[in-house]
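Opening a fresh page for this one. I want the overall picture, then a walk through a few helices and single residues.

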Amino acid sequence: MDTHPGFATDLLFDRYQGEVTRHEQFWAVHTPDAPDYYFGNYLLLASPPSDRDKGWLEAAFDQLIGQDPRIQHRTFQWPLAEGQNSRVAGFVTTGYQYLECVVLALDKDGWQMSDSALSHAEVRAFKPADWQEWIDFELNERDEAHSKESYLSYLHSRRELYQAMIADGLGNWWGVWLDDQLVASCGLFFTDKLGRFQLVRTHRRWRNQGLCRQLLSKVAQHGLTRVEQLIIVADEHYHAQRIYRSLGFTPVARIGSLCRWPHEPR
């Protein structure tokens, strides 16, 4: 999986915070300190599963990861080749969410500079005091299918991870401020050869005003001085793909995933 740009950069975070164990038919990824992180506790498959695999995959997940009573989900991920489809209707009918993501890459030759969206916007790396505002920002922008309590626990674990990685020189977190309010942010972290964006987000009130493009352009410019290629992973149907592509990102791989998680009351 270290040759797949999406998973190679996923494993940067998985190995830093958790445990990655190779098995005959999959990799088991476990992050004991973050049981609410659905995509930090999962089985990484070498190829797409089919409905006939459901029983043994669930049993393997429960044995290797789900023994922790705090883990109330099951997640599976795998690479998708060009034109390849997943046949997982049996998973979906029992409550799994199926998602296809595209892995996009940007290099120095493809990078397109963005003009400033708003001249008075301040784009800069985070300071230690900015992280509580980030927690509040992300909590407000979350998918409301996630309860505040569970999502707050997830955010605290991610903040600890990102701050530790920043302290170790593996990347940084960036934001856009307007009138002293955080309105957009993202992280960028590095392997030896690749950079990987994390949690690209814009405040609902400030979307469609070019702030995301402005932020990504500046951070990408910085990142391409360190490595030759930057990676971003997005839902196949996510509207922000047009922003990424306008900056020069191009598709290089695909990812399929299944996740069944408890839907809690808000």
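These are my notes, going from the whole chain down to single residues.

**Entry 1: whole chain**

I am working with a predicted model, so I keep that in mind throughout. I counted the secondary structure to begin with: the protein chain has 7 helices and 11 strands.

Next I looked up the overall dimensions. The C-alpha trace spans about 55 × 40 × 35 Å along its principal axes. Is the radius of gyration in agreement with a compact globule, or in disagreement? It agrees, because a compact globule of 266 residues would come out near 18 Å and the protein chain has 18 Å.

I then checked burial and contacts. Buried residues are 54% of the 266 in the protein chain. Of the contacts with a separation of 6 or more, 72% join residues 24 or more positions apart.

The surface came next. I get about 13,000 Å² of accessible surface for the protein chain, with 46% of that on carbon and sulfur atoms. For charges, I have 28 positive and 35 negative side chains. The centres of those two sets lie 3 Å apart.

**Entry 2: helix H5**

I picked H5, residues 148-167, and tested its length. Its 20 residues should span 28 Å at 1.5 Å a residue, and the end C-alpha atoms are 28 Å apart, so the helix agrees with expectation.

Which residues of H5 are buried? My list reads Ser150, Tyr151, Tyr154, Leu155, Ser157, Arg158, Arg159, Leu161, Tyr162 and Met165. Two arginines, Arg158 and Arg159, are among them. A reminder to myself about spacing: an α-helix has 3.6 residues a turn, so residues three or four places apart point the same way.

I also looked up what covers these buried residues. The cover includes helix H1 (5-17), helix H4 (131-141), strand S7 (171-178), strand S8 (181-190) and S9.

Glu160 also sits in H5, but Glu160 counts as exposed because its relative accessibility is 55%. I took one long distance from there: Glu160 and Ser47 are 113 residues apart in sequence, and their C-alpha atoms are 32 Å apart in space.

After the helix I found Gly169, which follows H5 and has a positive phi near 80°.

**Entry 3: the loop between S7 and S8**

I went looking for positive phi at residues that are not glycine. Asp179 is one case, with a phi of about 50°, and Asp180 is another, at about 65°. I placed Asp179 in the loop between S7 and S8, and Asp180 is in the loop between S7 and S8 as well.

Are they buried or exposed? Asp179 is exposed, as its relative accessible area is 68%. Asp180 counts as exposed too, at 72% relative accessibility.

**Entry 4: Glu141 and Thr202**

I started with Glu141, in helix H4. Why does Glu141 count as buried? Because its relative accessibility is 5%, and the buried cut-off is under 20%.

Leaving aside neighbours within four places in sequence, I find Glu141 in contact with Arg201, Thr202, His203, Arg204 and Arg207. I checked one of these partners by C-alpha distance: Glu141 and Arg204 are 63 residues apart along the chain and separated by 7.3 Å.

Then I moved to Thr202, in strand S9 (residues 194-202). Thr202 is at 9% relative accessibility, so it counts as buried. With the same neighbours left out, Thr202 is in contact with Phe137, Glu141, Val183, Ala184, Arg207 and Cys212. Arg207 is listed for Glu141 and also for Thr202.

**Entry 5: helix H6**

Cys212 led me to H6, residues 211-223. I count 13 residues there. The helix reaches 18 Å from its first C-alpha to its last, close to the 18 Å expected at 1.5 Å a residue.

The buried residues of H6 are Leu211, Cys212, Gln214, Leu215, Leu216, Ser217, Val219, Ala220 and Gly223. So Cys212, a contact of Thr202, is among the buried residues here.

**Entry 6: Phe7**

Last stop was Phe7, in helix H1. Phe7 counts as buried because its relative accessibility is 0%. I noted one distance for Phe7: Pro79 is 72 residues away in sequence, and the two C-alpha atoms are 8.3 Å apart in space.

Key:
Residues numbered from 1 in each chain as written. Predicted model: local features only at pLDDT ≥ 70, side-chain atom pairs only at ≥ 80, totals over all residues. Heavy atoms only, no water. Helix = DSSP H or I, 4+ residues; strand = E, 2+ residues; numbered from the N terminus. Expected span 1.5 Å × (residues − 1). Buried < 20%, exposed > 50% of the residue type's maximum accessible area, 1.4 Å probe, protein only. Rg over C-alpha atoms; globule rule 2.2 N^0.38 Å. Contact = heavy atoms within 4.5 Å. Areas by Shrake-Rupley, 256 points an atom, 1.4 Å probe, with all protein chains shown as cover. Lys, Arg positive; Asp, Glu negative; His and termini not counted. Charge placed at Lys NZ, Arg CZ, Asp CG, Glu CD.
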